[in-house]
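Q: Please take a close look at the largest cavity in this structure. What is its volume, and which residues line it?

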Amino acid sequence: MAGATDAAYRQICMGYGAAYAVSEMISAKAVEYGDRRTAALCDLSQDKRPVFLQLFGDSPETFAIAAKRLLAYGPDGFDINMGCPVPKIAGNGAGSALLREPEKCGAIVAAVKDAVDVPVTVKLRAGWDPQHVNAVEVAKICEAAGADAVCIHGRTRDQMYQGRADWAVIRQVKEAVGIPVIGNGDVTGAMEAALMLDQTGCDLVMVGRAALGNPWVFQQINTYLTNDCRILPGPGIAERVLTIRQHIGLLCAYKGEERGMREARKHVGWYARGLRGAADFRRRAGELCTLDDLDRLLKDMYAANCAASQEE
Ligand SMILES: Cc1cc2nc3c(=O)[nH]c(=O)nc-3n(C[C@H](O)[C@H](O)[C@H](O)COP(=O)(O)O)c2cc1C
């Protein structure tokens, strides 16, 4: 997820049992032009495995050049973005706009498959809008072009991130293709993950927004699925605070304290959700500048919530 699943957060999520992780989306064109800031997004040297690099773009040739070049970073595979709805991307023919050109989707997959010798997956939406729900058609074309798996987000581009994801589309794709299908959209915890697997027959579930500030969701899902529907309670405040510190410590180690702490603000805001004093911690998260600021905030977060759990 752009702006969220950088190396530091991927490491935390994999530590809690995510089966694999995917980078933030990377512009194939920027890779072709050798953009230095883009190169930082591709660094997988700190990652647990497997980890995929996700590319977005609109030209098969550019995708192929970029994927070939990015092999130097040692990804376990490439994911092709056919789902991003934001105007800056879709307005330029990339992301979800590719769904309106199914043949080009196939050409992109074929070009990347030809260029690299690692697995290539595709992430797509249900369709462009309710009148053009074509995930089954696009998934079949991608499979024929050599895709190793498809991930279906059951919303149309029109929906952006609103409304419910339509899991029936995921089931239809699963019934139509032979490659693994990853279901995505509205999995917020262990029971939803089990429901999606059950209702769609998909092979894996992908968690997006529910993982923000909540890397424990992967452990909860795995425990539920492998341990007779056991529902793991959320982490206690001590584990929560230690995980936040570890995550933001890694973020600063990889990006430097100034930038790391700027990026930490949103993560700490997400982590604060549901805690006693959340509104105040979110406000303070927005002002974080140093790791010392974070340590003070975490000390207060621990104290407020430790006291809260003793009162219960
Ligand atoms: C802030 C944000 C950034 C995202 N960035 C990406 C991205 O870079 N690549 C991608 O395939 N999907 C991206 N997504 C979409 C999610 O991966 C996911 O498909 C979507 O949120 C639906 O799943 P959910 O209901 O579990 O959140 C992003 C979503 C959000 C909210």
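A: In this predicted model, the largest cavity has a volume of about 30 Å³. The count of cavities of 30 Å³ or more comes to one.

The lining starts, in sequence order, with Tyr20, Asp79, Thr121 and Val122, and goes on with Ala149, Val150, Cys151, Ile182 and Met206. Two elements give two or more residues each to this lining: strand S4, which covers 120-127, and strand S5, which covers 149-156. S5 gives the most, with three residues.

Sorted by class, the lining has seven nonpolar residues, one polar residue and one charged residue. Asp counts as charged, so Asp79 is the charged residue in this lining. Thr falls among the polar residues, so Thr121 is the polar one.

The setting of the cavity can be described through the domains. The domain assignment divides the chain into domain 1, residues 7-226, and domain 2, residues 237-305. The lining residues, from Tyr20 to Met206, fall within the bounds of domain 1.

As for how the two domains meet, their C-alpha centres lie 29 Å apart. On the domain 1 side, 13 residues are in contact with 12 residues of domain 2. The area buried between the domains is about 1100 Å², and carbon and sulfur atoms give 67% of that area. Within domain 1, the residues that lose the most area to domain 2 are Ile12, Leu212 and Trp216, which together make up 42% of what that side buries. Zero salt bridges are found across the interface of domain 1 and domain 2.

How values were computed. Residues are numbered from 1 along each chain as its sequence is written. This is a predicted model: local features need pLDDT of at least 70, side-chain atom pairs count only at pLDDT 80 or more; totals for chains, interfaces and linings use all residues. Side-chain values use heavy atoms; hydrogens and water are left out. On a 1 Å grid over the protein atoms alone, a cavity is a set of points where a 1.4 Å probe fits but cannot get out, and a pocket is an open set with protein on both sides within 12 Å along at least five of seven lines; lining residues have an atom within 4 Å of a point. Grid points are joined across faces, edges and corners, and a volume is the space filled by probe spheres set on the points. Helices (H or I, at least four residues) and strands (E, at least two) are DSSP runs, numbered from the N terminus. Domain bounds come from an automatic or database domain assignment. Contact means heavy atoms within 4.5 Å. Buried area is the accessible area (1.4 Å probe) that two parts lose on being put together, summed over both. A salt bridge is a side-chain nitrogen of Lys or Arg within 4 Å of a carboxyl oxygen of Asp or Glu.
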